[in-house]
Every structure is written in structure tokens, then in C-alpha cells.
Amino acid sequence: MVVSVAATDSDTAQPVQYSTFFASRYVRDPLPRFRMPEQSIPREAAYQIINDELMLDGNPRLNLASFVTTWMEPECDKLIMDSVNKNYVDMDEYPVTTELQNRCVNMIAHLFNAPIKEDETAIGVGTVGSSEAIMLAGLAFKRKWQNKRKEQGKPCDKPNIVTGANVQVCWEKFARYFEVELKEVKLSEGYYVMDPVKAVEMVDENTICVAAILGSTLTGEFEDVKLLNNLLTEKNKETGCRWDVPIHVDAASGGFIAPFLYPELEWDFRLPLVKSINVSGHKYGLVYPGVGWVIWRSKEDLPEELIFHINYLGTDQPTFTLNFSKGSSQIIAQYYQLIRLGFEGYKNIMQNCMENTAILREGIEATGRFEILSKEAGVPLVAFSLKDSGRYTVFDISENLRRFGWIVPAYTMPANAEHVAVLRVVIREDFSRSLAERLVSDIVKILHELDAHSAQVLKISSAIAKQQSGDDGVVTKKSVLETEREIFAYWRDQVKKKQTGIC
């Protein structure tokens, strides 16, 4: 980057021209990190300083930890930049943007089989992401439960919600922020989703809803929403419908997958107890972060007192959000993807993702070193654990993959399965077959390196132990520092024995 920067030489008091930014004082002089600098700097310098630091970030395309979209078409990128200065909340000034949001809500509602007629308007709203969407859905359930309890003359100060222990952290946030008890169904080894039978057993008169996950963050598996609906229907009947506990479906990851790949799977508004669904537009909705959506079954499922009404251009505009100002770009981008791709386009992309997932799964299985924990049906990802963690762990593999640029998370499972540690690779639209094959190749390289390293460590440990053992063969226990010093001394002696040539 060429930048001409004027400065004053203290000796001559004459302007000095630097031909490039990297020959200027801005490369040498430190900027304050936590306080605003006293003086301005040229825009080129500010750009270059920030850009240089950002080079140390990971490559978003190789970030296989994230479900979030990292690539969009140039035409959509342009739409985003053209609307980046629009505040969505200014509905008077940007009525067309509001209309595009309403179109998205209706398209997604029909995709989820909401019981609305063609001339009816769906009930839903665009959000910053699925976290806000879940907060709004949870508030609607809580308020509706409270209203019903008040009508019955019963206390309404101890609401609870039933979920699996595999839920995303936003559910824990909702429970803590809005004072709702979170009752979690514990997992077990080999079964990493919520058990509908156990979930229904935990339901009581204070349960505002049961939350099912369509696409577990841990393994990508779809929970059995239909079975949950049937079991909960029976439990509601047992109470004479006095409880009438509903279902919310957290379809953050799977909401834009199931309709295209598993159209016969009943998980959405086809099930009568499903009252609301959230989905992340910035995941498999194929939009940059952050945009999410929450759709309600009908107007009756969203208490009117939670909705604020704004009149603009002679019509009533209802609004229900946690925040006020937010950008319009992602909503416009979502509308672009919906009309650009259509049902056929989304289906083709999801099929490609699943095919590349199969390629990666086969490659990982072929190493013979891993056990696949994720299912073939569900969100396109591969979760796998080491068959033998005696010499090194999945955390070692995760750390070493960063040397090749890959960001692959390693984590332990939640309660009752904490001893299971896994690696997870999320397959997005921009993850090709060639990248899948390259990832497998790099994993194999790392396995060989770790095998060799662990063998060498074992050899050194054995040699040191042999030197430390007495005539009776008993090894004296050493401190960590003493052991480190002995390993250093061992290697130093090995190096001295080698003949060295001219460097």
C-alpha cells in the first residue's frame, strides 16, 4: 500500500515526504491501546494499522467451528453495502425495508407449514440472531402462562422450562435473565439429545413450554419433536387440559435444512403443540451474521401486551424486539437469498453440504482412529472422538490443526457424558470436496506426528526412569521441576554425543 505522509524534520523544519506507509513514523510509534489518542492520524495509516492486526485473525472460510455463513454472492455483498447505513427501526423512512422483512416472515412461515391462508399475514419478526428470537419466544410463553395462572387464581412466580442438556447457551441466558427455572434432561453416552420420555416426566403445572432442538449443537442430530408432541398431548389430557403445556422448536441450525432434505419429517407447525419456531438466517439461511427469525403459530400465541404498535404511512406496524436500533443489511440479504435461490436452490446447496459431509465422514472413518458420534441425518457436520486417548487427546489434534490454518473445536459433552471429548467439523456452503479431502490429509499427518512424539516421550521417560531406579528397582518420585531438569539434561547429553559439521 503506497501512502504519502507529510512530517516535519525537527532540524530543518521542512516537510519530509515518506513514499510508503511502512517508512513512516506510524510503524514505529505505538498507539495507545485503551485510551483515545490525542492526535489524529491519516485515514490510510488508520486503515493499514488495523488491517495489519486483523491479519492475525483466523480465516473465516477455514473456521469449521462455526455454523455461521462466511460467503455470499458479490451481488448480495453489494446490496449489503448499499444498505449498511439504514437503521431498520426507522420504519417511516424505510418502509420498503420493513415490507421486505414482512415478506421474509411469511415465506419462512409457509416453509414451516404455519396454518395460515394465502391472504393472511404470518406472525413473526426478524431478530439479531436466534438468541434474541429465543428470548422473545420464551417471553411470550412466560406471559401467556402467567395470564392463565392469574385467571385460575394460582401463583405464577415459579415458571420453569424443560430442555435437554444439549441446548445452546442462549437458553441458559433466557432462564437466568428472565427468572425462569431451567429443567434439563441429562444426556448419556451414545445418546446426546433430549429424551422425549424423560422430558415429559419433568413437566409440571409450572412448565411454560418444552424446548426441542432441531439440530443439536453437539452432534447435529434432530430431536424427535413428533414423539414429544404425542407424549405431551397425552400428559395434557391426563390433567384435563388444565396444563396445556406447549412446545417451542429451536431450529436455529436445522430450520433451513429439514424442509429441503427431509420434507416428510414432522417437526414444525404440522404438530398442534408447536406454538413457535426460531431459525438462524445467518446459519443455513445463508446470510452473514447476524439475523434470525421467530415465527408464531397464530396471533393467540403471542400476547398482545408484548407488542408495541407504530403508525406510519396510514397503517399499523406492530413491533416486538428486545433491542431498538439495528442494521437493515441482513434482512435485505435474507430476502435476496430467498428469491434468488428459491426452494430448488436451497435444496441443491443442502444436498451438496450433505454429500461433502459424507466424504469427510468416510475419510475420517478410514483412518481407523476415530469413532463417529454424529448421525448421517441432521445438520451437515461430523462429530468424532478418538478411540484411544491414552497417548494424546482430541484437544492436541485441535491445537495442531491450527498450524495448517484449520479451526476445529474440541470439547467435552454436557452433564452425565462429560468424559466424552469430541472434535466437530461443520460443513457449510463454501466447504468443498477438495477442502474435505485436504482436511483428512492434514489430520492423518498430525496423527503420525503425535504418534512419533508420544513414542519418543515414552522412550525418554523410560530412560530417565531406568537411571533413577535403585538396586531394588524402585523409582524415586521427583517434582515437576526436577523431572524437567532431568529431561533437559538427557537431551543435552544426546546432543553432545552427535558429531556436528560446518553450519
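Biologist: How many residues of strand β4 (residues 160-164) are buried?

Modeller: Ground rules for this predicted model: residues count from 1 along each chain as its sequence is written, and hydrogens and water are left out, with side-chain values using heavy atoms. Local features need pLDDT of at least 70 and side-chain atom pairs pLDDT 80 or more, while totals for chains, interfaces and linings use all residues. Strands (E, at least two residues) and helices (H or I, at least four) are DSSP runs numbered from the N terminus, and buried means under 20% relative accessible area, exposed over 50%, partly exposed in between (1.4 Å probe, protein chains only). β4 is largely enclosed by the rest of the structure, because its buried residues number 5 of 5.

Biologist: Asn160, Val162 and Gly164 point one way from β4, so to speak; which residues point the other way?

Modeller: Both sets of side chains are buried, whichever way they point. Set against Asn160, Val162 and Gly164 are Ile161 and Thr163.

Biologist: How many bridges join β4 to strand β5 (residues 181-185)?

Modeller: These two run parallel, and strands count as paired if DSSP finds at least two bridges between them. Along the pair, Thr163 stands opposite Glu184 and Ile161 stands opposite Leu182. The bridge count for β4 and β5 is 5.

Biologist: Zooming out, which strands stand at the edges of the sheet with the order β3-β9-β8-β7-β6-β4-β5?

Modeller: That's an open sheet of 7 strands with mixed pairing. An edge strand here has a single partner, so one side of it lacks a neighbour in the sheet. That picks out β3 (123-127) and β5.

Biologist: And what angle does the direction of α5 make with that of β5?

Modeller: Angles run from 0 to 180 degrees between N-to-C directions, with axes fitted to C-alpha atoms (for helices, over the stretch in contact). α5 packs on the sheet and touches β4, β5, β6 (207-213) and β7 (247-250), contact meaning heavy atoms within 4.5 Å. Its direction relative to β5 comes out at about 145 degrees.

Biologist: Are helix α4 (residues 130-151) and helix α5 (residues 169-177) parallel or oblique to each other?

Modeller: Their axes are 9 Å apart, at an angle of about 45 degrees. The scheme is: under 35 degrees roughly parallel, over 145 roughly antiparallel, 65 to 115 roughly perpendicular, the rest oblique. So α4 and α5 are oblique.

Biologist: How many nonpolar residues does the contact of α4 with α5 have?

Modeller: Ser131, Ile134, Met135, Gly138 and Leu139 in α4 meet Cys170, Trp171, Lys173, Phe174 and Tyr177 in α5. Nonpolar takes in Ala, Val, Leu, Ile, Met, Phe, Trp, Tyr, Cys and Pro; charged is Asp, Glu, Lys and Arg; the others, Gly among them, are polar. The split has 2 polar and 1 charged, and the nonpolar count is 7.

Biologist: Over to helix α2 (residues 74-82) and helix α9 (residues 329-366): what is the handedness of the crossing?

Modeller: They pack at about 150 degrees with axes 8 Å apart, which makes α2 roughly antiparallel to α9. A crossing is left-handed if the near helix is turned anticlockwise from the far one by less than a right angle, and right-handed if clockwise. For α2 passing α9 that gives right-handed.

Biologist: What is the handedness where α3 passes α9?

Modeller: The axes of helix α3 (residues 95-111) and α9 come within 9 Å and cross at roughly 45 degrees, so the two are oblique. Among the residues that meet are Leu100 and Met107 in α3 and Leu338 and Phe343 in α9. The contact divides into 10 nonpolar, 3 polar and 1 charged. α3 passes α9 in a crossing that is left-handed.

Biologist: How far apart in space are Gly363 and Ala436?

Modeller: Gly363 lies in α9 and is buried at a relative accessible area of 17%. In sequence, Gly363 and Ala436 are 73 residues apart. C-alpha to C-alpha, the separation is 8.4 Å.

Biologist: Which are the edge strands of the sheet with the order β12-β13-β15-β14?

Modeller: This open sheet has 4 strands and antiparallel pairing. Edge strands pair on one side only, and here those are β12 (370-372) and β14 (410-412).

Biologist: In β15, which residue is the bridge partner of Ala410?

Modeller: β14 and β15 (residues 421-426) pair in the antiparallel sense over 3 bridges. Ala410 is matched with Leu423.
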